[in-house]
2 protein chains.
Amino acid sequence: MIVGFIGFGEVSSTISNILSRNGIQTVTVVKGRSEKTNIRAIKSDVQIIDSYDALVKGSDVVISANSPANALNIAKKVSKLMDDGIYIDLNNVSPDTTLKMSQLFEKPQETLPKIEEKHSFFKKQEDVDMRNMFVDGAIIGKVSNDPTTILFSGQRSGDLAILNNYGLNIMIVSNKPGDVSTLKTLRSLYTKGVSAVLMEAYEASKEIGMVDQLFEILSLTEGETFEEKSKSRIRNSYKNSKRKVEEMDEALEFLDKISPKGKKNFMTKAARDKFNDVK
Amino acid sequence: MIVGFIGFGEVSSTISNILSRNGIQTVTVVKGRSEKTNIRAIKSDVQIIDSYDALVKGSDVVISANSPANALNIAKKVSKLMDDGIYIDLNNVSPDTTLKMSQLFEKPQETLPKIEEKHSFFKKQEDVDMRNMFVDGAIIGKVSNDPTTILFSGQRSGDLAILNNYGLNIMIVSNKPGDVSTLKTLRSLYTKGVSAVLMEAYEASKEIGMVDQLFEILSLTEGETFEEKSKSRIRNSYKNSKRKVEEMDEALEFLDKISPKGKKNFMTKAARDKFNDVK
């Protein structure tokens, strides 16, 4: 199996290193990218090539890990080049954008090359009318966690379970593209809501000089790792508040779509306003 | 040492049972209380007496564990009867009400009986002009946890460290009455905020049939006990939403007092509205 990476930031390089340590060939293109990315690629075992066309056509799995803003454009370009294999989007995009990308990779069975003409690592799916090469993925927790846990959903996500043999912890959520993106959004309602709650409790305790005492008594019930974990959440929230506002705006859009009419999503709205207040 | 309980609900009976198992005599009055309370007292080792006067005058420590609404009235009555020992308020009251209660128990040193006249379990504090018998306490986590952890603050809270020898886990926060109540309020900003965030994430996941998946992926990063703990928080929030609205109103009042002018406490306000929305 050959895995090609479009984008070679922290996510790509971590996954690439795990895979190549476990005997899988990985490739990427870093031409025109930042010096930092170039150095990261040189220091990895990844094969550096010149052409995105070659990367897409030569890989069994193509992984896109860039920025949410670029995700759709990259998917458009790749979908025109790709006629086999699996395309994984690992960018932190909304369920809506994920579905748009997925449609790009959905092709009637007959338009795809016959199994004799091309030898892919994965078997051709004969039992579907429409074939969809798109899989949406999400890393849960830090990419550097050992093992790195990745969720997948999409028609061919089951084929990716094989990566469990190559150092990753793969969880197949469903064969419906977009489910992982939806789950990730649901998860962020909790994680970012908690961050915003922590910020407010922290600010109040600071105001009256009781930060240490607050963390001490919370640790009694929330566990030993609570203080470290929470302080890291708080630091991260102040640092990345601008991005978090955007993510909460997307989450609110999602909630508006799925909520019964008239339902107010107080906590998510407040978390958005909280992040916006410090940005 | 003799410990007297005013109110014999779950909190009092649990503490009373721990203390009497460890050799401390406990007393209470259940006359006029509910049948349930009477039965609870009969089944305990607590000594049941008829008179609150006798309870207050015969105990070295008086513990009030009733409802927040009754706390101040009980403190008023007891403060008129008490001239020695320690009065502990374990009701879930605001920092403001706690300070009001504390003032009732503050008396100039000279008005208190001389050490020869009364033999208290605790030594008389000779080095203070004003003596304050009031201690505010808070149980952290469930009262049934083993060991039960209780925080104390107040001039005489240090004397209560002796209860560590009798089956309780005592933490002395400071000698300033009200500090425990303040800490408890700060803590509730976090715990109730998280409950409200959980409710919203849960409701959204229910809307699209992804409750199980949401808890599964959250457990990956939040720990094994997350699902059970969170579901219990959610159930409890729907069940006690009315009380939680009142508690959040008190917390907001507190935040208004300590916050810089113009600061908006988005998350606490939203949690209040969230609980109010289901009540």
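This is a guided tour of a predicted model, moving from one chain and its parts to the pairing of two chains.

Residues are numbered from 1 along each chain as its sequence is written, and chains are lettered from A, with ligands numbered from 1, in the order in which they are written. Because the model is predicted, local features need pLDDT of at least 70 and side-chain atom pairs count only at pLDDT 80 or more, while totals for chains, interfaces and linings use all residues.

**Domains of chain A**

Select residues 2–175 of chain A, which make up domain 1, and then residues 183–278, which make up domain 2; these bounds come from an automatic or database domain assignment. The centres of the two domains, taken over C-alpha atoms, are 31 Å apart. Where domain 1 and domain 2 of chain A meet, each gives 5 residues to the contact (two residues are in contact if their C-beta atoms, placed from the backbone, lie within 7 Å).

**The sheet**

Next, display the strands of chain A (DSSP runs of E, at least two residues, numbered from the N terminus, as are helices, which are runs of H or I of at least four residues). An open, mixed sheet of 8 strands appears in the order 3-2-1-4-5-8-9-10, where two strands pair if DSSP finds at least two bridges between them. Its edges are strand 3 (47–49) and strand 10 (169–174) of chain A, each of which pairs on one side only.

Within the sheet, select residues 86–89 and 134–140 of chain A: these are strand 5 and strand 8, which run parallel and are joined by 3 bridges. One residue to pick out is A:Asp89, whose bridge partner in strand 8 of chain A is A:Asp136.

Then add residues 68–81 of chain A, which form helix 4 and lie across strand 1 (2–6), strand 4 (61–64) and strand 5. Helix 4 of chain A runs at about 155 degrees to strand 4 of chain A, with axes being lines fitted to C-alpha atoms, for helices over the stretch in contact, and angles running from 0 to 180 degrees between N-to-C directions.

**Where the chains meet**

Finally, show chain A and chain B together: 43 residues from chain A and 43 residues from chain B take part in the contact. On the chain A side, select helix 6 (179–207), which supplies the largest share, 16 residues.

Chain A can be laid on chain B with an RMSD of 0.1 Å by a turn of 180 degrees and a shift of 0.0 Å along the axis, which is the relation of a two-fold axis; the superposition is by least squares on the C-alpha atoms of residues with pLDDT of at least 70 in both. The same surface serves both copies, as 100% of the contact residues of chain A recur in chain B.
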